[in-house]
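Open the model in your viewer and switch to a cartoon view. The stops below move from strand to strand.

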Amino acid sequence: MPISINTNTFCESSKDNICELSIMNLRYVVLLIFVLLASTTVRNQATLGVWNPIKNINDPYVTEIANYAVDEHDKRTGLNLKLEKVISGETKIVDGIIYCLNITATDSSASSKYNIVVLDKLSQHFRNLTSFVPISD
């Protein structure tokens, strides 16, 4: 007695298995891409507690931090310094961000360099000037 195989059922079943394998492979590929992107993102972010150079020293927010420091220093000392420019800087992420900037400021007669340190806690709307020190050339 000959054995007959219904090829339609077999093919549909095979197609389903191939389809399931393709979906599983696609899920693994998507997961792999996600893991690679996440690791790249983490690698590019600043590390907690480590000083990182500021890449865009002309960023308006960096200038805002520097202006805050000069204004706060003027309030504390009675001087009338004006920010000229931010020369360089670093940030450190702690409970907020510490900005350590080298700036030039003028008192209308002479320009001088200063190193300033500001703690900025954006989420708490808090800033504190912790250091404002002249830098000798």
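In what order do the strands of the open sheet lie? This is a predicted model, and its open sheet of 5 strands has the order β1-β2-β3-β4-β5 with antiparallel pairing. Select residues 52-53 and 126-135 for the edge strands, β1 and β5, each of which pairs on one side only.

Next, select helix α2, residues 60-77. Helix α2 packs on the sheet and touches β2, β3, β4 and β5. The direction of α2 makes about 75° with that of β5.

Now go to β2, residues 82-94, and pick T91. Is T91 buried or exposed? Its relative accessible area is 15%, under the 20% cut-off, so T91 counts as buried. Leaving aside neighbours within four places in sequence, T91 is in contact with V50, W51, N52, I54, I97, I98 and Y99.

Add β3, residues 96-106. β2 and β3 form a hairpin with 1 residue between them, and 11 bridges join these antiparallel strands. Show V86 and I103 to see one opposed pair, with I103 in β3. Of the 11 residues of β3, 8 are buried, so the strand is largely enclosed by the rest of the structure.

Move on to β4, residues 111-121. β3 and β4 are antiparallel and joined by 10 bridges; L101 stands opposite I116 in β4. They form a hairpin with 4 residues between them, and S108 in the turn has a positive phi of about 80°.

Finish at β5, which runs antiparallel to β4 and is joined to it by 9 bridges. Select L119 and N128: these residues stand opposite each other, with N128 in β5.

Key. Residues numbered from 1 in each chain as written. Predicted model: local features only at pLDDT ≥ 70, side-chain atom pairs only at ≥ 80, totals over all residues. Heavy atoms only, no water. Helix = DSSP H or I, 4+ residues; strand = E, 2+ residues; numbered from the N terminus. Buried < 20%, exposed > 50% of the residue type's maximum accessible area, 1.4 Å probe, protein only. Contact = heavy atoms within 4.5 Å. Pairing = 2+ DSSP bridges. Axes fitted to C-alpha atoms, helices over the stretch in contact; angles between N-to-C directions.
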